[in-house]
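Subject: Structure handover

Hello,

Please find the structure below. My notes on it follow.

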Protein chains: 2
Amino acid sequence: MAPRKIRNMEEFAAVSGISRPTVSKYFNDPDSVRRSTRERIEQALERFDYRPNIFAMNQNRKLTKNVGIVVPYLADPFFAEIARNIEEKCIEAGFRPTLYSAYGDPAQEAEILDSLRALKPAGVLLAPLGRDSDRSFIEKFCKDIPTILFDSNLEGMGAAFVGSDNASFIEQTVDYLCRSGEPPAFFEMRHPANPNANKRRIAYIKKMESLGFEPQVIKVDGRGWGFEEIGRQGAFKLLEQPKLPSRTILCSNDRLAIGFLSACYEKGLRVGLGDDCDLRVASHDDHPFSKFTCPSLTTAAHDYTAVSNRSVETLTQLVESGGRLSARTETLFPARLILRSSA
Amino acid sequence: MAPRKIRNMEEFAAVSGISRPTVSKYFNDPDSVRRSTRERIEQALERFDYRPNIFAMNQNRKLTKNVGIVVPYLADPFFAEIARNIEEKCIEAGFRPTLYSAYGDPAQEAEILDSLRALKPAGVLLAPLGRDSDRSFIEKFCKDIPTILFDSNLEGMGAAFVGSDNASFIEQTVDYLCRSGEPPAFFEMRHPANPNANKRRIAYIKKMESLGFEPQVIKVDGRGWGFEEIGRQGAFKLLEQPKLPSRTILCSNDRLAIGFLSACYEKGLRVGLGDDCDLRVASHDDHPFSKFTCPSLTTAAHDYTAVSNRSVETLTQLVESGGRLSARTETLFPARLILRSSA
DNA sequence: GGCTTTTTTTTACGCGCGTAAAATTTTAGT
DNA sequence: ACTAAAATTTTACGCGCGTAAAAAAAAGCC
């Protein structure tokens, strides 16, 4: 055996007995060469470990296999989890995904997109910051680079949107809460960064009205991505008041609820559905930690897998059709109600 | 104004009135050219937006500015948080960081390192999986690519290790717990993936003995990265037993403690330091959510900032000294005790 | 076996930039 | 203003691969 170092495709072509252009063709698409040549190449590939220089490849190809995955805040386990799924699907689809987080900062989001441009990506999967995003910047980006939006929608931008159906979340939680006890008041941030929050509030009001109940929206102050702390402080403020709007609180999202529950615990309030309880608390997202809150959180779950799969499938279509789809589609997956102990 | 598209460095050099090699030099290090030329280039840079082709740059440079940041599990907020810090520092230091997660899988860890090789990184910041890592593979990688290990140490590998001082964590929590009540039993996974866990157990035993107490180690079953669930199930098992080894439980890490607390809550046990409480629970890491557990978790905090800063500083030194340091250093930062309600 | 069709080889060029060497210009020092 | 040093320009080549065109070989068909 002579495992001498292969320096480039030229040398590798030599040792495998195939011409370099054919080898190049093979690496672009192994099925584009005759079966027998493919086998010969793959045999050589086992004897000599050679991998084409990725920089040279990307430089000369008009289109790379790079895919950018951009999320607004990676330290939020919700995004970490969905990023994990999407990454996996991208690899299965033959892409080279790279993960980016804007960490809540619109400037960083813009910078990520800028540097992404330079990577000639086949496509980008973008979960934008939302309200804080530089919309015109993102719009321009989407015009140049095939982009799928996921999780939070920016009207009209990108080739498609894949996310969860906020109305479905609300309808299920509100319906359940109304059937099982006092109708819920809605607990949310006054200035939510995420557009889903607005959709949820609107859906809440509509659903409550359709059930013949008076909607009650509680807005708490606070900015940024420290939702737990915001929920906690908001809960303290709320619980100080002489009378609650309802003894059932429906939080806009699980991270707020986690903070809310911690405040309740500290105040000595019992949360749950028993008669001996002071409060019921429910929420949305099925955050990875919602199972471990005290009490465990009744919530509505995203279909992580469906969103991830569909996002990557749509991206694949988009790439294969040359970066344009006939029409911008919006795919919304329904929620799944998760009944736990908090409501 | 003639904002015509600049196609390459040649054209940009033309419009800025400078020769291409000098422009190239400028982009490698803006301070390597005369002040006046630098200003002329930067003027042109404002009129024409041009950025050198990153692929061509990286192909020809022997060393890129790329830095890989590899963590074992990005959906763990602890790693997400430290990754965020390190990423920021890398950018400040002029690197181009890219974030990777092995998601608990040694094969993926190896694959990441393999593809990282192809990126000719200036250096890599690696938090290895630990026990599950393919040690010889990582060792080989460290020989080829300048690598700094952080968070969890693999003896002798990499140019340096930067992490937290597990003994300091344990000493502070054990000391506090012993002073304030019954000496703690240590609660951990039977087969911890992370080498820090072993160091913590050993430090626990040593510290207890030095204080004249009998160490009690509780080992719970379970594999993988679902620590909360493992802690929860372990707690249920433990609490079923007729008698606890101690009414003070010191968990090896916060994620186990989060699960432990959720089990206690479900069992109706009061956790805290009051006389009316059944149990005290403390832990280590100051996980981002430990403030919001019920009760809030007494724990020992990593110095995230110090670890991040030192890691990147060490990497910078390593890169500047051509990939070799005179000796392998191990830097350990002490913990900071965070007293909350659980113990 | 002779034909057409598909695949491969040969040949050659280009991508955008790094970089070395020699020639030239600019700067600093006195 | 003169000289040595520093910076820049010129010139030229190479990196590793994509890709186009033409020639050659292999495969498929009756």
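Is Asp29(A) buried, partly exposed or exposed? This is a predicted model, and in it Asp29(A) has a relative accessible area of 36%. That value makes Asp29(A) partly exposed, because buried means under 20% and exposed means over 50%. Asp29(A) sits in the loop that runs between helix 2 and helix 3 (35-47) of chain A. Its C-alpha atom is separated by 21 Å from that of Thr314(A), a residue 285 residues apart from Asp29(A) along the chain.

DNA strand C

The protein places 28 residues around DNA strand C, and the closest are Thr37(A), Asn60(A), Met9(B), Ser24(B) and Tyr50(B). By class, this surface has 13 polar, 9 nonpolar and 6 charged residues. Of the strand's atoms within 4 Å of the protein, 67% are part of sugar or phosphate, and the rest are part of bases.

Three individual contacts can be picked out. Asn60(A) has a side-chain N or O atom 2.3 Å from a base oxygen of DNA strand C. Thr22(A) brings a polar side-chain atom to 2.7 Å from a phosphate oxygen, while for Met9(B) a polar backbone atom is 2.4 Å from a phosphate oxygen. The elements giving two or more residues to the surface near the strand are helix 2 (20-28) and helix 4 (54-60) of chain A, along with helix 2 (20-28) and helix 4 (54-60) of chain B.

Helix 7 of chain A

Helix 7 (residues 135-144) of chain A has Ile138(A), Phe141(A) and Cys142(A) buried. Viewed down the helix axis, the buried residues fall within an arc of 100 degrees, so they line one face. That face packs against helix 6 (106-117), strand 3 (123-126) and strand 4 (147-150) of chain A. Lys140(A) and Lys143(A), on the other side of the helix, are exposed.

Aromatic pairs

Over all chains there are 25 aromatic pairs. One of them is tilted: Phe12(B) and Phe27(B), 6.3 Å centre to centre with 55 degrees between the planes. Phe12(B) belongs to helix 1 (residues 9-16) of chain B and Phe27(B) to helix 2 of chain B, 15 residues apart. Phe12(B) is buried at 0% relative accessible area, whereas Phe27(B) is partly exposed at 22%.

Phe186(B) and Tyr204(B) form a stacked pair, 5.0 Å centre to centre with 20 degrees between the planes. Phe186(B) is in strand 6 (residues 185-189) and Tyr204(B) in helix 9 (residues 195-210) of chain B, so the pair ties together parts 18 residues apart in sequence.

Regards

Methods. Residues numbered from 1 in each chain as written. Chains lettered and ligands numbered in written order. Predicted model: local features only at pLDDT ≥ 70, side-chain atom pairs only at ≥ 80, totals over all residues. Heavy atoms only, no water. Buried < 20%, exposed > 50% of the residue type's maximum accessible area, 1.4 Å probe, protein only. Helix = DSSP H or I, 4+ residues; strand = E, 2+ residues; numbered from the N terminus. Arc of directions from axis to C-beta. Contact = heavy atoms within 4.5 Å. Near = heavy atom within 4 Å. Polar contact = N/O pair within 3.5 Å; in protein donor to acceptor, adjacent residues only side chain to side chain. Nonpolar A, V, L, I, M, F, W, Y, C, P; charged D, E, K, R; others polar. Phe/Tyr/Trp six-rings, centres within 6.5 Å; stacked < 30°, edge-to-face > 60°.
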